[in-house]
Amino acid sequence: MRSILVTGALGQIGAELTPALRERYGRTGVIASDLANARPSDEFYERLDCVEPEAVADLVERRDIGVIYHLAALLSAAAEGRPQVAWSVNMSGLYNVLEAARRFGCKVFFPSSIAAFGPTTPRLSTPQVTIQRPTTIYGVTKVAGEMLCDYYAARFGVDARGLRLPGLVSFAAPPGGGVTDYAVEMFRAAVRGERYSCFLAAKTRLDMMYMPDAIRAIIELMESNPQRLRFRNAYNVTGMSVTPREIAAEIRKHISSFDVDYRVDPLRQAIAESWPQSLDASAAREDWGFAPRFDLAAMTSDMLAQLTSATGAFDQPIPHEARNANATLE
Ligand code: NAD
Ligand code: AKB
């Protein structure tokens, strides 16, 4: 069997997708890669900057890669701070991956986002096929990415598949500069016994999903029968539609002293208000049978239990810049 490559493997998703893939397909067959230098403890990790086309092609050929999970990207808020870099990483990175996939016959997973929609998209029960005119550089790269993946599928036969993921909540690695990061930050503050200052307004409703559901969605999509996929790039998926106030109230059922105040950041609030409030994910259910297992109550119980049992790990917030040094893959 040919090997699997995960780009951006040290990020919020990669830190959980990589071990899940290694458990399913075998440790030696899954190569993790990111910007951090090679790790002596993991011979199946390689440094890879996705904006370097030769480096991407070389790794894919040398390691006999058959499937690429392309996670490397700048997220919404980080991208808005550095739009030119975001274009380069999100678009050139994807192009280089698709080109390598075309040359060496690889299958590709591309994570799109609710950010691929914009203010002119219907915000409630957002359809699978609808208006996509995002107003952020991140969203522009996600729509263009969806289209580029579809183009490579139609034109060159590259088996590229994608999901429009909502905000992801997880405990293994900190989120990487998105608008939905507030949810993870809220859980971490609650477990540390701290008050949380939320950068979104209390009633800001967005789609969210707990990481175990997202990992399962990614694997199930990639293993699904291609004949059944009406939409390759990308399927709407969601776990719940929630506000900061609702998450705080659910946390308070476990930690009654938890306190939140709202200090709205205008940039991130404006981005959130341009995104859907609830996705219609019926196409994913009909075409490849996806259904989330975690609602807000189940996610909250599990997040709090996991964060509490990670003794000392969450005593201090981990700065995003330090994440590459701290993240573990298994
Ligand atoms: P993250 O920011 O946590 O991780 C991204 C990783 O990419 C980082 O480890 C970073 O070092 C790496 N990276 C950045 N530039 C790179 C480059 N030039 N070459 C190689 N690696 C590079 O992001 P994440 O949350 O793990 O998201 C992964 C993917 O999923 C992204 O495409 C993101 O847009 C998408 N997504 C994430 C969410 C979410 O809530 N986490 C939601 C929707 C879509
Ligand atoms: C972000 O907030 O940028 C991400 C996303 C929804 O794509 N979590």
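A cavity is a set of points, on a 1 Å grid over the protein atoms alone, where a 1.4 Å probe fits but cannot get out, and its lining residues have an atom within 4 Å of a point. Grid points are joined across faces, edges and corners, and a volume is the space filled by probe spheres set on the points. The structure shown is a predicted model, in which local features need pLDDT of at least 70 and side-chain atom pairs count only at pLDDT 80 or more, whereas totals for chains, interfaces and linings use all residues. Residues are numbered from 1 along each chain as its sequence is written, and side-chain values use heavy atoms, with hydrogens and water left out.

**View 1. The largest cavity encloses about 50 Å³ of space.** The count is one cavity of 30 Å³ or more. The lining of the largest cavity consists of His70, Leu71, Ala72, Ala73, Asn90, Phe110, Pro111, Thr141 and Lys142. Strand 5 (107–113) and helix 5 (137–156) each contribute at least two residues to this lining; helices (H or I, at least four residues) and strands (E, at least two) are DSSP runs, numbered from the N terminus. By class, five lining residues are nonpolar, three polar and one charged, where Ala, Val, Leu, Ile, Met, Phe, Trp, Tyr, Cys and Pro count as nonpolar, Asp, Glu, Lys and Arg as charged, and the others, Gly among them, as polar.

**View 2. The largest pocket has a volume of about 950 Å³.** A pocket is an open set of points with protein on both sides within 12 Å along at least five of seven lines. The lining of the largest pocket comprises 43 residues, of which Leu71, Ala72, Ala73, Leu74 and Leu75 lie nearest its centre. Elements giving two or more residues to this lining are helix 3 (76–81), helix 4 (83–104), strand 5, helix 5, strand 7 (167–169) and helix 12 (323–326). Strand 5 gives the most, with three residues. The lining has 23 nonpolar, 13 polar and seven charged residues. Because domain 1 and domain 2 both give residues to the lining, the largest pocket lies between them.

**View 3. Domain 1 (3–166 + 211–236) meets domain 2 (168–207 + 239–275 + 293–325).** The domain bounds come from an automatic or database domain assignment. The C-alpha centres of the two domains lie 24 Å apart. In contact (heavy atoms within 4.5 Å) are 29 residues of domain 1 and 26 residues of domain 2. The two domains bury about 2,300 Å² between them, 58% of it on carbon and sulfur atoms; buried area is the accessible area (1.4 Å probe) that two parts lose on being put together, summed over both. On the domain 1 side, Gln12, Arg123 and Pro166 lose the most area to domain 2, together 26% of what that side buries. Zero salt bridges (a side-chain nitrogen of Lys or Arg within 4 Å of a carboxyl oxygen of Asp or Glu) are counted between domain 1 and domain 2.

**View 4. Arg2 and Asp64 form a salt bridge.** Their closest N and O atoms are 3.0 Å apart. The pair links distant parts of the chain, 62 residues apart: Arg2 lies in the segment before strand 1 (3–7), and Asp64 in the loop between helix 2 (53–62) and strand 4 (65–70). Phi of Asp64 is near 50 degrees, a positive value in a residue other than glycine. The structure holds 22 salt bridges.

**View 5. A cis peptide bond joins Asn233 and Ala234.** Omega is about 5 degrees at this bond. Ala234 lies in the loop between helix 7 (211–223) and strand 10 (235–236).

Notes. Chains lettered and ligands numbered in written order.
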